[in-house]
2 protein chains.
Amino acid sequence: MKNVVLASTSTLYGGTYLDYLLPVVTELFAGADEIIFIPYARPGGISHDDYTANAAAFFANAGIYVRGLHTFDNPAEAIAQGKGFFTGGGNTFLLVKQLHELQLMHVLEQAVKKGAPYLGTSAGSNIGGVNMQTTNDMPIVYPPSFATMGLVPFNLNPHYLDPIPGLPHMGETRETRIKEFHTQNDIPVVGLREGGWIRVKGEHITLEGTPDARIFLPGKAAYETKTGADLVF
Amino acid sequence: MKNVVLASTSTLYGGTYLDYLLPVVTELFAGADEIIFIPYARPGGISHDDYTANAAAFFANAGIYVRGLHTFDNPAEAIAQGKGFFTGGGNTFLLVKQLHELQLMHVLEQAVKKGAPYLGTSAGSNIGGVNMQTTNDMPIVYPPSFATMGLVPFNLNPHYLDPIPGLPHMGETRETRIKEFHTQNDIPVVGLREGGWIRVKGEHITLEGTPDARIFLPGKAAYETKTGADLVF
């Protein structure tokens, strides 16, 4: 049974790393005393070791030991035997390139679909969608494919941002960008505001957290969905 | 002799399409009574025909006839014989995919490097850089390559946006994204604010327009450059 949390962000404004997710993480990883951290998105270019240390410091609060995927001689085997996974945010292009080049995307997908608990934040949530094509990130590297794990039958736009009133800037709004995605694709998109996350238990998918989410379906006007709602399109 | 304008945006806040660029366009295309419009970036999914009509309506003010590249039976030959080019904004991934799949990127590069005047706005300016990897756009399609024309020996970030004070949003700032680009690449990046453009005459490259630009070099602190300055790094 799938057991997944895909969060918009790791850190809320004014908060510390992952603190608002502690109850969620405790429930998600109940029974696991050790999980694997996937550090490949490297926010700000942080090293794999340093990024893993940050994650480990948080998970110590939940009594869970964290080991970085980059430290295993055979990462595919480590994933197949993993008791749980956390993929942190950063640059989605970098994360997806690394997972494909190491041939780990499909291995991770299989492990999670078999029931290993999975937490993603930001870029780590993007890879839970059908593909990474609704990321906000800059294409700083060229991945061999944009396909991701498809843990949910839609795409995510983490850090979803409403238009800022009065801003005299002519760059596209987030909503405009997602609508452009739908001129070329027919995959539903969940605009996940900061403080929100998607909870997957088996085939049951709900919106959790504080804010509403914005739903984009091809050929239809975007609309709001309340926290607690089933995400079925 | 290269004769190029790469503008941050087509439209200023409160203005109409390209109006602020009329004197620039008139000088750039002096002597050309007909230019080719490249509509492939399709902002908001607009059709090639409609997008070309918008460009044609503006260029009529300068006495210049506009024909869309998509209307030629042999677009490569049309480019080789073109008297001038304008590539409009929209989605850079869509634009670059189309130019590569039709094998036109290199043909256009050669025509412009031989001296045909070129105007880009937004996505059309991104393709004047070394590669498209500092675009702000969403990866709505998968191009066969991120390489672009290299009309200038650096990359551009159009619609460059300074951090918005007081915004309680934890998504990366533009500066953070460009710094992440430099963890993986060593190409200089010009953050081109709206109202600014890059003027190339032969090997002479200057910043023009109203705002300063923000310059990002690998391993160095970002800094401001005044309009009128040579862009040499």
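Here are a few friendly notes on one helix and two pockets of this predicted model.

1. Let us start with helix H2 of chain A, which runs over residues 48-59. With 12 residues at 1.5 Å a residue, helix H2 should span 16 Å, and its end C-alpha atoms are indeed 16 Å apart, so expectation and model agree.

2. Now look at which residues of H2(A) are hidden: A:Tyr51, A:Thr52, A:Ala55, A:Phe58 and A:Phe59 are buried. They lie on the same side of H2(A) because they cover an arc of only 120° around the axis. On the face turned away from that buried side you will find the exposed residues A:Asp49 and A:Ala57.

3. What covers the buried residues of H2(A)? The cover includes helix H1 (22-28) and four strands of chain A, namely S2 (34-38), S3 (65-68), S4 (85-87) and S5 (118-121).

4. Next, the pockets. The largest pocket has a volume of about 770 Å³. It is lined by 30 residues, and those closest to its centre are A:Leu161, A:Arg174, B:Leu161, B:Ile164 and B:Arg174. Helix H7 (174-182) of chain A and helix H7 (174-182) of chain B are the elements that give two or more residues to this lining. By class, the lining has 10 nonpolar, 10 polar and 10 charged residues.

5. The second largest pocket has a volume of about 330 Å³. Among its 19 lining residues, A:Ser10, A:Pro43, A:Gly90, B:Met170 and B:Glu172 are the closest to the centre. Our helix H2 of chain A returns here: together with H7 of chain B, H2 gives two or more residues to the lining. This lining divides into five nonpolar, 12 polar and two charged residues.

Key
Residues are numbered from 1 along each chain as its sequence is written. Chains are lettered from A and ligands numbered from 1 in the order in which they are written. This is a predicted model: local features need pLDDT of at least 70, side-chain atom pairs count only at pLDDT 80 or more; totals for chains, interfaces and linings use all residues. Side-chain values use heavy atoms; hydrogens and water are left out. The expected span of a helix is 1.5 Å times one less than its number of residues. Buried means under 20% relative accessible area, exposed over 50%, partly exposed in between (1.4 Å probe, protein chains only). The arc is that of the directions from the helix axis to the C-beta atoms. Contact means heavy atoms within 4.5 Å. On a 1 Å grid over the protein atoms alone, a cavity is a set of points where a 1.4 Å probe fits but cannot get out, and a pocket is an open set with protein on both sides within 12 Å along at least five of seven lines; lining residues have an atom within 4 Å of a point. Grid points are joined across faces, edges and corners, and a volume is the space filled by probe spheres set on the points. Ala, Val, Leu, Ile, Met, Phe, Trp, Tyr, Cys and Pro count as nonpolar, Asp, Glu, Lys and Arg as charged, and the others, Gly among them, as polar.
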